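Here is a quick walk through the model, meant to be read with the structure open on your screen. Turn it around as you go and check each stop for yourself.

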Amino acid sequence: VGELVEHVREGERERFVYRSDHPLRSFAVLAADYARAAEGDDEIWHHPAHTYNLPTIGAALADGRRLYSERFGPYPHGRLRIAEFPRLASYAQSFPTLMPYSEAIGFLTHHRGDPRRVDGTYFVTAHEVAHQWWGYIASPGMAPGAQVLSESLAEYSAMVLIDEERGERERLVFLRQEEDAYLRRRDPDTEVPLERLQLEGAATWYNKGALVLYMLERQIGRERLHQGLAAFVARWRDLPQDDPLAAAPGSALARGHATLRDLLDELRNAHRGRPLDWFYTTWFEQVVVPDMALVGAPVVREQGGTWTVEFSATNLGQGRLPVQVEAVRGPWRADHADALQEGAFEAGQPVRLWLEPGRTTGGVVSARFRPEALVIDRLHECIDFDRTNNARTLGEPQEVAPLPAVGGPTRR
């Protein structure tokens with residue numbers, strides 16, 4: 001890690017000396033007969049024959065460095081490196097400035113063009129780049145919830161990068177994959193709330209944690225959430241020992257390491273004046289799995305070029321939570337290649353309902369077009385156990401009888 005400052009041959013041995021420009025808590029050493037691809041200070045060290053995904057990896061390195069620096073605080077180093085290793089293992093791991101990356105999950109994969117999947121190469125690179133902030137620049141303490149400050153934030157940050165570089169459709173595919181992975185891999189008998197999370201399961205700290213952060217974003221807005229994250233990094237980032245701020249009272253080095261409580265305090269400050277105690281209680285202090293569902297057949301009516309849909313919905317799972325319901329026209333399922341295309345897809349004015357177990361709630365949505373389907377939580381703003389009961393195909397509208405003229409004859 002760091003910069004190569006000395007390379008000396010001593011007989012059959014070679015000596016390499018690297019020096020960092022920032023305090024480091026860990027490092028990795030990789031050696032191979034590498035080829036090097038570079039763009040500025042971004043480098044990819046790879047098997048000479050493994051060039052297929054280099055453009056994608058390089059784009060994620062550059063995009064991640066730029067976006068995360070803008071949103072969460074400056075990247076403190078110069079170099080940012082990927083180094084490939086054989087498929088003796090199938091993972092990637094981030095160290096300061098250097099990310100060892102298995103050929104099996106990035107260099108030899110192919111998901112581009114498959115609308116059902118996120119581009120895995122771009123995503124994995126984006127996730128590992130995010131760890132330069134979440135895990136190293138802001139390093140969590142050994143306390144319950146620490147994985148949220150590392151893995152959950154890295155996973156969420158990768159989602160933001162995918163959304164801003166690849167668009168809404170790929171973001172929704174990512175969220176569906178995260179939800180599926182959490183629900184399929186969680187252990188209901190051992191799962192603990194995020195605030196007590198230690199090493200109970202990757203489905204919780206990767207998938208659920210990222211989903212919860214995205215759900216908070218939908219409540220307060222991306223800008224406010226990122227302001228809170230930037231304030232958290234600024235408060236807790238490491239400082240060089242000779243920096244005068246390091247010795248200042250209350251500096252990051254004087255305080256030690258952040259905990260989940262420190263993160264949540266900064267996030268609450270970001271939406272001061274808008275209390276969301278129910279959100280933090282539900283998603284950080286409890287374990288709930290909602291199951292939002294439409295009940296019965298919706299009724300469609302049309303009058304004067306406006307369509308309304310009357311419906312009933314409930315929560316078959318746990319928790320009292322808000323969801324959005326909307327009428328749509330055209331391909332709306334994100335895992336279809338032509339989904340959400342302008343001109344072919346429309347969404348009406350959504351209505352927000354609080355759904356809770358054991359209670360059916362009615363509502364009405366409207367649209368200026370003839371709707372084809374009614375959908376609960378199309379944007380994945382809430383974890384949902386079963387999405388097959390979230391949508392209904394709508395039938396022919398019923399005509400609304402005109403009101404009698406005012407002052408006209410009536411029959412008793």
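## A tour of the fold

Let's start with one pair of residues: Val 309 has Val 365, in E12, as its bridge partner. The two strands behind that pair are E8 and strand E12 (residues 361-367), which are antiparallel and share seven bridges. E8 itself covers residues 306-315, and nine bridges tie it to strand E7 (residues 292-303), again in the antiparallel sense. Across that second pairing, Ala 293 sits opposite Thr 314 in E8. E7 and E8 make a hairpin with two residues between them, and Gly 304 in the turn takes a positive phi of about 60 degrees.

Before going further, a word on confidence. This is a predicted model. The protein chain has a mean pLDDT of 89, with 92% of its residues at 70 or more. The stretch to treat with care is residues 403-412, where pLDDT stays under 50 and the model shows zero contacts beyond four places in sequence.

### The four-stranded sheet

Now move to the open sheet, whose four strands come in the order E3-E4-E5-E6 with mixed pairing. Strand E3 (35-39) and strand E6 (98-102) are the edge strands, each pairing on one side only. From one strand to the next, the twist averages 20 degrees.

As a reminder, strands in a sheet pair through backbone hydrogen bonds, in a parallel or an antiparallel way. Both kinds turn up here. E3 and E4 are antiparallel, with five bridges, and Ala 35 stands opposite His 46 in E4. They also form a hairpin with two residues between them, where Gly 40 in the turn has a positive phi of about 65 degrees. At the other end of the order, strand E5 (residues 80-85) pairs with E6 in the parallel sense, over five bridges. There, Ile 82 has Met 99 in E6 as its bridge partner.

The strand pairings met so far, side by side:

| Strands | Sense | Bridges |
|---|---|---|
| E3 and E4 | antiparallel | five |
| E5 and E6 | parallel | five |
| E7 and E8 | antiparallel | nine |
| E8 and E12 | antiparallel | seven |

### Helices on the sheet

Which helix lies across E3, E4, E5 and E6? That is H1, and it runs at about 150 degrees to E4, the strand of residues 42-46. Helix H1 (residues 54-72) has 19 residues and reaches 26 Å from first C-alpha to last, close to the expected 27 Å. Its buried residues include some polar ones along with the greasy ones you'd look for: among them are Thr 56, Asp 63, Arg 65, Leu 67, Tyr 68 and Phe 72. Right after H1 comes Gly 73, with a positive phi near 125 degrees.Back at the sheet, H1 has company: H1 lies across strands that include E5 and E6. Helix H3 (residues 120-130) packs on the sheet too, touching E5 and E6, and its direction makes about 150 degrees with that of E6.

### The nonpolar cores

Tyr 68 of H1 shows up again in the largest nonpolar core, which has 102 residues. Tyr 68 is one of those with the most contacts inside that core, along with Trp 134, Tyr 156, Leu 229, Leu 263, Trp 283 and Phe 311. Click on Trp 134 and, leaving aside neighbours within four places in sequence, you'll find contacts including Phe 72, Leu 149, Leu 153, Leu 229, Phe 232 and Val 233. Apart from this core lies another, of six residues, among them Val 1, Ala 28, Ala 83 and Leu 98.

### Three loop residues to look at

Is Ser 139 buried or exposed? Ser 139 sits in the loop between H3 and helix H4 (146-166). With the cut-off for buried at under 20% relative accessible area, its 13% relative accessibility means Ser 139 counts as buried. Beyond its neighbours within four places in sequence, Ser 139 is in contact with Arg 25, His 257 and Ala 258.

Thr 97 belongs to the loop between E5 and E6. Its phi is positive, near 75 degrees, in a residue other than glycine. Thr 97 is buried as well, with a relative accessible area of 1%.

Asp 377 is not a glycine either, yet has a positive phi of about 55 degrees. You'll find Asp 377 in the loop between strand E13 (373-376) and strand E14 (391-393), and at a relative accessible area of 3%, Asp 377 is buried.

Definitions and conventions: Residues numbered from 1 in each chain as written. Predicted model: local features only at pLDDT ≥ 70, side-chain atom pairs only at ≥ 80, totals over all residues. Heavy atoms only, no water. Expected span 1.5 Å × (residues − 1). Buried < 20%, exposed > 50% of the residue type's maximum accessible area, 1.4 Å probe, protein only. Pairing = 2+ DSSP bridges. Axes fitted to C-alpha atoms, helices over the stretch in contact; angles between N-to-C directions. Contact = heavy atoms within 4.5 Å. Core = buried A, V, L, I, M, F, W, Y, C linked by side-chain atoms within 4.5 Å. pLDDT = per-residue confidence, 0-100.
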